[in-house]
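Q: Please take a close look at a single part of this model and walk me through it slowly, as I am new to it. I would like to see that part in its setting, with each term explained as it comes up.

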Amino acid sequence: MDILYKILIDPFVQMGAAPDLLVQTVWEGLVSGVLYALIALGFVLIFKASGVFNFAQGIMVVFAGLTLVGLHEMGLPAPIALLVTLGVMFFIAVAVERVVLRPLVNQPDIILFMATFGITYLLIGFGELIFGGNPKRMITEELYLPSGAIEWKAFGGFVQFQKIDVAAAVIAALMIAVLAFFFQKTRIGRALRAVADSHKAALSVGISLNQIWVIVWFTAGIVALVTGIMWGARSDVSFALQVIALKALPVLILGGFTSVPGAIVGGLIIGIGEKIGEFYWGPLVGGGIESWLAYFIALGFLLFRPQGLFGEKIIERI
Amino acid sequence: MRAPGDGRQGIMAGDVLLAVEGVSLAFGGVKAITDVSFDIRKGEIRAIIGPNGAGKTSMLNVINGFYHPQQGRITFKGEARKRMRPYVAASQGIARTFQNVALFKGMSTLDNIMAGRTLKMNKGFFWQCLRYGPAMREEIEHRKFVEEIIDFLEIQAIRKTPVGKLPYGLQKRVELGRALAMEPELLLLDEPMAGMNLEEKADMSRFILEVSAQYGTTIALIEHDMGVVMDLSDRVVVLEYGRKIADGTPAEVSADQSVIDAYLGVPH
Amino acid sequence: MFYREAGQYKTSYASDMAVFPIRQDLIGVLLILAVAYAAIPAFASDFFISSVMIPFLVFSLAAIGLNVLTGYTGLISLGTGAFMGVGAYACYKLTTIFPGVNIIVWIVVSGFFSAAVGVVFGIPSLRIKGFYLAVATLAAQFFLQWCFVRIPWLYNYNASGAIEVAQRTLFDIPITGPRATPETRYFILLTLVVVLTWFASNLVHGRIGRAWMAVRDMDIAAELMGIKLLDTKLLAFAVSSFYAGVAGAAMMFLWYGGGEASDAFNINQSFNILFMIIIGGLGSLLGAFFGAAFISTLPTILKFGLPAIGIPLAGATAEHLTHILVGGLIIFFLIVEPHGLARLWQIGKQKLRMWPFPY
């Protein structure tokens, strides 16, 4: 009975007793959720347009952040470093399209998935070789990002918001809005959606797949850079991010592989869910459950709704 | 080819092997099949025809348990079920081929047909690990059976070729072989001749007739080529928009006004 | 010239169904076995045996396991490392609780524990397909890794949190622990690998292997033919995890000789083994060996080979170069031959058969 009480009732009692802590936890979850969502977003972009399950999105985040910081360390002023990093991301997009996607067109999905493992290892290797394997501090001030915290007195206590987190949320929202506009209203956006629906049909109306792929991978690269900056500002830029980036996978499962709103909502659910789980239930089993809770949330969800939050019901045909 | 109905009057009045009663199937709001009833008698060749989207393939999917109808029931070998389960359907002797060839592409012709024998093989995991003694004897015994099918379908030369590399016509033939390996009582053929040239059609028709004559297998067949349907089948059921509009011998059906309307359209 | 099958007639189905239907292949395999059992221990240095051959054999086992699941049954797993860990910890607990029973028995038995855990995490595979399943196996990876650290019972409450390999003997010859020679450990490992490979080969050539491949190639058709999807998939999970578990136990007890186990069984290990089967060839046992040989020896070659021919290399740089090389090779192989080294080998053999004619 005692154990049942501890699992089923006590955490909620704690939540009620200290609402400021609850709000703080939710906020923390929200912020990491935004970052998961951003990774998932880069992923969804690529999956939609090229059908590639891009395992390398996580390492692209690390690589973008690392390049930015590394270039700054080499003496480039921050804005120039940012531009050069964008150039590097564009170069990666072109290289991926030329070297990987083009020769592998029409191969089964799993082959392309495996190829992105290759990209991952290449980026890890080059990142380490050029910039070294040690964690680096993000150049927050140089990029005019705010630091410090705001305290909000409420619920008989106070809730602390890091300014950088608020900035991250705002920038993420802005970026998503821009992307949505880009997809819905522009010619390239329309071509992109056409490609997402059917490669062959898109080709037949004169859309260049190669061009679209470069654009999409570059867009994903930009998203990766923004994610890298935000994430780096919260902790450090290091290759450890890569393992955390795997949490974008449960996010995708919740949201569906092709849905941008799904990626965002899924990211927030996973972020908040794992922070609350860790804070209120984690101590019961010695803590650290954050490392796997996200996967179990996704897994449990998947068993009941295999198509994800926003996916359509799958009807199998033969 | 034989003229319809010759010497097969017995079948016309024979035992019912499978009866479909009042089956309705819907996906969300889309009705694929609405209140369809018909039966298949032992030993006959039963054709299911109808325009595209009439619900023919869905009907086969219902019969072998891949789709579960919301209403109606299916009686197979005297046993009534609200819904079939694929495993049960297969183990009771319903085999099938598919509209878009559904072979195991990475496996050889031989392995594909051998896979059709899975249900008949039962030597356990231990012997399988050793591949010796009972497991090997079982393997050889079934290999003999499979070789008979290979001879029957005249595909000896492609025995060890991965089926992914075979031309379409041969793939269809291998698929028939795989279904035959299950020694089915009821064989469901979903457009066995789609996309074939005249010669391949003739071969396939010959195989179907021989299967029916040699093994006494009951066959339900979806086909768009009316010539083939008229020549092969004993009875025909016609679907349109998920409803049954006619049922009878090829001659009866081809004279039916609603069938003519369905195929040629009604003048406005 | 020497690789001809002319004149070798198959007079029974049994001989046609043999794993090596061509006599030269059989001779080749016997030759390899002879080299492995006699020549290598006789002529190779301890260094070669302990840092090339033993890792290669351990990884071969794990790669065979993953290949059963991913290559033959088409289920992607990113949790091989964790399943190896289950084997290692199970073996550690078993030999601690029953020190009297021979360690070789426990290395094999620990595979069954891993198989059971594998089955539990394989249950979602009925409803979840493709990449979604990869996430389910990631759940296994991270959850089990967490258990390895957070449940002190697993490592006997050692202050170090590591597995400590005690000395165990067979006929009074030490086979684990610091006093066991590389040769002894190599012999035991080799025998394990040979026997288990033989089992795997038998499985994939028979009814069970066909069912696995049927599920991989077209699960719906397989189901409609009466192949029970869940049973088939779970069996694949069980067999696969069994091999991984034995590999993990062997890794700890016959190779590492103990150590910080939670590091050895992390997500990178899972990826490593996945690369092995991609480069080696999905759905090929031979491919598992090729891949294991390639990936497990590449770092050693770079680390010791390059300085030996006069190119100095810092340890860290070698690691970075390995990453680049592995990444580049994965892409290269996928483009040249998506079916891996095993397929290249097959094509080569086919050419040899026809030689000197092109067709």
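A: Helices here are DSSP runs of H or I with at least four residues, strands are runs of E with at least two, and both are numbered from the N terminus. The model is predicted, so local features need pLDDT of at least 70 and side-chain atom pairs count only at pLDDT 80 or more, while totals for chains, interfaces and linings use all residues. Residues are numbered from 1 along each chain as its sequence is written, and chains are lettered from A and ligands numbered from 1 in the order in which they are written.

The part to look at is helix α2 of chain B, which covers residues 56–63. Eight of its eight residues are buried, so α2(B) is largely enclosed by the rest of the structure; buried means that 20 or more other C-beta atoms, placed from the backbone, lie within 10 Å of the residue's own. These buried residues are B:Lys56, B:Thr57, B:Ser58, B:Met59, B:Leu60, B:Asn61, B:Val62 and B:Ile63. Just after α2(B) comes B:Gly65, which takes a positive phi of about 85°.

The setting of α2(B) is chain B, with 11 helices and 10 strands. Of the 268 residues of chain B, 46% count as buried. Along its principal axes, the C-alpha trace of chain B spans about 70 × 40 × 35 Å. The radius of gyration of chain B, taken over C-alpha atoms, is 19 Å, which agrees with the value near 18 Å for a compact globule of 268 residues, the rule being 2.2 Å times the number of residues to the power 0.38. Among contacts in chain B between residues at least 6 apart in sequence, 68% join residues at least 24 apart, a contact being two residues whose C-beta atoms, placed from the backbone, lie within 7 Å.

Beyond chain B, there is also a contact between chain A and chain C, which takes 39 residues from chain A and 31 residues from chain C. On the side of chain A that touches chain C, the elements that give two or more residues are α4 (78–101), α5 (109–131), α11 (248–255) and α13 (290–304) of chain A. The largest share of that side, 14 residues, comes from α5(A).

Technical notes
A residue is buried if 20 or more other C-beta atoms lie within 10 Å of its own, exposed if 12 or fewer, and partly exposed in between; C-beta atoms are placed from the backbone.
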